[in-house]
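Student: I would like a close look at a single part of this model, namely the sheet and what lies against it. Please take the answer slowly, and give the cut-offs as you go.

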Amino acid sequence: MAVQRIGLIGAGFVSQHHLAAWQRLAGQAIVVAIADPSPENARRRADAFGVPGVYDSAEAMLAGESLDAVDIASPRETHAAMVRLAAAHGIAALCQKPLAPTYDEAAALVAEVAGMRLMVHENWRFRAYYRQIAGWLGAGRIGAVVQARMSLLGSGLLPTAVGERPALVRQPFMATLERALVMEVLIHHLDTLRFLLGDLAVVTAHLGRGSSAMRGEDRAAITLQTGRGAPVQLIANLCVHDEPPTLVDRLVLVGETGTIRLDGAKLTCSGAQPETLEFDLDACYSDSYAAVIAHFAEALRRGGAFETAPEDNLRTLRIVEDVYESATRFASSPPA
């Protein structure tokens with residue numbers, strides 16, 4: 001079995017998690033080169049993970065290396081161009097979400113590169129507790145879901161005693177985004193809710209900005225509906241006092257015969273078959289990257305389908321676009 005040769009595009013914050021995940025596939029796949037406009041960032045990542053090739057552009061990397069696939073971990077504004085570049089070179093691509101900054105751009109891209117082996121890196125649904133919830137739902141442990149609520153509340157945008165905003169220390173680029181909380185963070189949760197509950201329709205969405213450090217929205221209240229008519233609420237806010245700076249997922253699924261609750265690391269199922277599980281959140285975070293990348297590599301090797309294929313991801317992006325459109329309508333015509 002030939003070892004897959006991978007080129008990584010992007011050496012920013014998230015690239016460390018991609019590289020650690022690829023290392024778990026030693027003997028099956030190897031990252032042989034990293035491309036980033038900042039040679040210093042690329043070299044730092046290459047040295048930390050033993051990657052031999054360093055390039056200042058993806059074009060130079062593809063010209064200088066023989067690759068089976070690229071892993072695109074660059075900023076969202078570059079994703080479409082990088083996917084097109086991979087398609088032009090006839091190689092597969094794993095692209096960080098979203099495929100493009102808007103639904104229309106992403107849909108046009110998917111149509112343009114139809115036929116190439118392309119998967120979207122959407123790792124949230126691969127977290128162990130969400131896979132467990134999916135298993136419980138599939139087994140009918142709580143019957144049909146009649147209500148759902150997910151919340152993400154944190155203080156990451158509130159200044160600390162030394163004036164730092166933890167969320168922006170971790171990811172400074174968030175402050176510059178026109179579309180911030182929903183497109184960068186809640187896109188994961190909307191995709192996960194789709195994964196668990198099936199396709200969703202946006203009923204209403206209200207967005208706001210509480211931090212002067214942000215260009216885009218940092219709070220959201222979204223109401224959705226499942227195909228069976230069950231209401232689903234998603235609320236998030238990055239400026240909540242007395243909450244930790246790091247967001248923790250909280251989810252309640254109310255079923256006809258039981259309830260599933262996720263509260264950070266604790267997952268419970270009530271009903272005829274009660275069960276309680278505890279998860280290591282740090283391990284779940286890194287393991288989700290590993291699971292996505294292992295799925296991509298295995299599907300490439302066997303020619304199988306990608307769980308988060310572009311067509312599937314477009315359905316998530318459609319919801320994201322509908323959230324922004326709904327919020328714009330509400331802002332222009334608020335209730336009297």
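Student: Which strands does helix H2 (residues 39-49) lie across, and at about how many degrees does this helix run to one of them?

Tutor: Two conventions come first: residues are numbered from 1 along each chain as its sequence is written, and side-chain values use heavy atoms, with hydrogens and water left out. This is a predicted model, in which local features need pLDDT of at least 70 and side-chain atom pairs count only at pLDDT 80 or more, while totals for chains, interfaces and linings use all residues.

Helix H2 lies across strand E2 (29-35) and E3, and runs at about 165 degrees to E3. Here helices (H or I, at least four residues) and strands (E, at least two) are DSSP runs numbered from the N terminus, and contact means heavy atoms within 4.5 Å. The angle is taken between axes, which are lines fitted to C-alpha atoms (for helices over the stretch in contact), and runs from 0 to 180 degrees between N-to-C directions.

The strands beneath that helix belong to an open sheet of six, in the order E3-E2-E1-E4-E5-E6, and the pairing is parallel; two strands pair if DSSP finds at least two bridges between them. At the edges are strand E3 (53-55) and strand E6 (118-121), each of which pairs on one side only. From one strand to the next, the twist averages 25 degrees. Strands of a sheet pair through backbone hydrogen bonds, in either the parallel or the antiparallel sense. One pair in this sheet is strand E4 (residues 69-72) with strand E5 (residues 92-96), joined in the parallel sense over four bridges, and within it Val 70 has Ala 93 of E5 as its bridge partner.

If you follow the chain into the loop between E5 and helix H5 (103-112), you find Pro 98. The peptide bond joining Lys 97 and Pro 98 is cis, with omega at about -15 degrees.

One further backbone detail concerns another loop, between strand E10 (231-237) and strand E11 (250-255), where Asp 242 is found. Phi of Asp 242 is near 70 degrees, which is a positive value in a residue other than glycine. Asp 242 counts as exposed because its relative accessibility is 83%, given that buried means under 20% relative accessible area, exposed over 50% and partly exposed in between (1.4 Å probe, protein chains only).
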